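Here is a protein to look around in. Take a moment with the sequence and the 3D view before reading on.

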Amino acid sequence: MSDASLGTGDPFTPTLALPDTIAQDVLARVDAILPQAGGPHPLHAPEIDGNAWDYVKDCLDTGWVSSVGAWVDRFEDMLADITGARHAIATINGTAALHAALLTAGVKSGDEVLVPSFTFVATANAISYCGASPNFVDCEATGLGIDPIALEEYLDRIGEVHGDILINRQTGAVIRAMVPVHCYGHPADMRALCEIADRYHLIIVEDAAESLGSTIGGMHMGRFERIGAFSFNDNKTITTGGGGALITDDDLLARRLRHLTTTARVNDGADLVHDMIGYNYRLPNINAALGCAQLETLDQKLAAKRDLAARYRETFADADGVRYVSSPPWGESNNWLCGILFDKARTRDLALTSLNAAGYQSRPFWAPLHSMKMYADGPRAPLPITDRLSACGLTLPSGAGLKGEIKRQPSIDR
Ligand SMILES: *Cc1c(COP(=O)(O)O)cnc(C)c1O
């Protein structure tokens, strides 16, 4: 992938405007589409709405606040329904969901797991919790997911298939699995990635943490291979306060995931009997109650986000030196975080400063994980696009509440 793919329009026309002119232009364009009186605009505030107060009150009134209860069952049923998966298993957070998924999928101590360097740190940490090492691979600049072409080149060069396992000939380790991430809600190119995984005998666990509501050809993210993991942290598309979930169509995997995340308890009776070292990873009822109310209004949230994304896309369509990161052509994004990508890092830095100073909370794109000290020495492919994305991208205020009516400030005496 050439540098030109990161720029706007015709790659042979250099950007003529000065970096600070471009940064001011970006601010003016954001200013024109977000509600003026509503600021400061957070990056992604939780939208607590609908039946949230009633459902949480029910937990308080009945005393069912902990890790079993009717709201957990209901939340799981709703999630299975929305994603189309046979089973959903609610967890304490998205990181725990990924950890349980990787263990259940068969990732072992000493293994390597292919993962983008361009993601939230939890994706790699969950791999490390298994005693395995992340092996960082590059992204493509359209959907921000793992680049299938670069991945294949890398595996051709370093991989050796023995029977049905893939060995990294540079480190001698088994490359057991791949964790595609749907960055900022944009679907990774799962058709191409699943095909590569098939050929190289790789297990896929989807980090769908950011992609509730995203699809490819009508299929919900998290369902392309056997296990998908979600997060419902406070800044995700819906929130349970903290929380996560696993989805699978496989009955046996569902049983195993439920068992492992429920301290591997083997009975429902009074005796506390456990048959392996499990984890206390189940979602409390009180969080699930909030989650049910949030899922009831998911469609409205997705519509508001789609509308905001369309406004950003339109306003940046003719901008100089910057482009809006749209839903990729192969899928439909939930538009979790709206991002723009500059031709130059210096322009990004200037725009970041002026947007934040004007009350539009913006963040640089993910810092690459291979640049963090705990992952600095690990195995990796060449990561040129990751480095450019991290240096040249920023995320803009993206909450579902930014549409239309201006929200009142949160108050403590609600
Ligand atoms: C949020 C997130 C997670 C982790 O979820 P938590 O619920 O915060 O533990 C994992 N991966 C990605 C890509 C995320 O954005």
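What follows is a short tour of the domains, the cores, one histidine and some salt bridges.

## Two domains

First things first: this is a predicted model. The protein splits into domain 1, made of residues 19–45 plus 299–396, and domain 2, which covers 52–296. Measure from centre to centre over C-alpha atoms and you get 25 Å between the two domains. Where they touch, domain 1 puts in 39 residues and domain 2 puts in 44 residues.

## Where the domains meet

Together, domain 1 and domain 2 bury about 3600 Å², and 61% of that is on carbon and sulfur atoms. Three tryptophans stand out on the domain 1 side: Trp-330, Trp-336 and Trp-366 supply 23% of the area that domain 1 buries against domain 2, more than any other three residues.

So what holds charge across this boundary? Let's look at the polar side. Between domain 1 and domain 2 there are zero salt bridges by the rule used here, but 24 residue pairs are in polar contact. Helix 10 (298–316) and helix 12 (384–392) each bring at least two residues to the side of domain 1 that touches domain 2. Helix 12 gives the most to that side, with five residues.

## The nonpolar cores

Which residues have the most contacts inside the largest nonpolar core? That core has 51 residues, and the ones with the most contacts within it are Phe-75, Leu-114, Leu-151, Leu-155, Met-178, Met-190 and Leu-202. There is also a second, separate core of 29 residues, with Ala-100, Ala-177, Leu-260 and Leu-369 among them.

Zoom in on Leu-114 for a moment. Setting aside neighbours within four places in sequence, its contacts include Leu-151, Leu-155, Met-178 and Leu-202. Leu-114 also touches Asn-135 and Tyr-154, among others.

## A closer look at His-44

You'll find His-44 in the loop between helix 1 (19–33) and helix 2 (52–62). Is His-44 buried or exposed? With a relative accessible area of 9%, His-44 is buried, because the cut-off for that label is under 20%.

Its side chain has polar company. A polar atom there sits 3.1 Å from the backbone oxygen of Asn-235, and the side chains of His-44 and Lys-305 share a polar contact of 2.9 Å. Leaving out residues up to four places away in sequence, His-44 also touches others, including Asp-234, Thr-237, Trp-336 and Gly-399.

## Salt bridges

The structure holds 16 salt bridges. In one of these, Glu-76 pairs with Arg-282, with the closest N and O atoms 2.8 Å apart. Glu-76 belongs to helix 3 (residues 70–83), while Arg-282 is in the loop between helix 8 (251–260) and helix 9 (285–296), so the pair ties together parts that are 206 residues apart in sequence. Both Glu-76 and Arg-282 are buried.

Another salt bridge joins the side chains of Arg-86 and Asp-251, at 2.8 Å from N to O. These two are 165 residues apart, with Arg-86 in the loop between helix 3 and strand 1 (87–91) and Asp-251 in helix 8. Arg-86 counts as exposed at 55% relative accessibility, whereas Asp-251 is partly exposed at 33%. Glu-160 and Arg-169 meet in a salt bridge too, at 2.7 Å; Glu-160 is partly exposed at 31%, and Arg-169 is partly exposed at 46%. Finally, Asp-25, Arg-29 and Asp-318 are joined into one network by salt bridges that share partners.

Notes: Residues are numbered from 1 along each chain as its sequence is written. This is a predicted model: local features need pLDDT of at least 70, side-chain atom pairs count only at pLDDT 80 or more; totals for chains, interfaces and linings use all residues. Side-chain values use heavy atoms; hydrogens and water are left out. A nonpolar core is a set of buried Ala, Val, Leu, Ile, Met, Phe, Trp, Tyr and Cys residues joined through side-chain atoms within 4.5 Å. Buried means under 20% relative accessible area, exposed over 50%, partly exposed in between (1.4 Å probe, protein chains only). Contact means heavy atoms within 4.5 Å. Domain bounds come from an automatic or database domain assignment. Buried area is the accessible area (1.4 Å probe) that two parts lose on being put together, summed over both. A salt bridge is a side-chain nitrogen of Lys or Arg within 4 Å of a carboxyl oxygen of Asp or Glu. A polar contact is a pair of N or O atoms within 3.5 Å; within protein, one must be able to donate a hydrogen and the other to accept it, and residues adjacent in sequence count only if both atoms are side-chain atoms. Helices (H or I, at least four residues) and strands (E, at least two) are DSSP runs, numbered from the N terminus.
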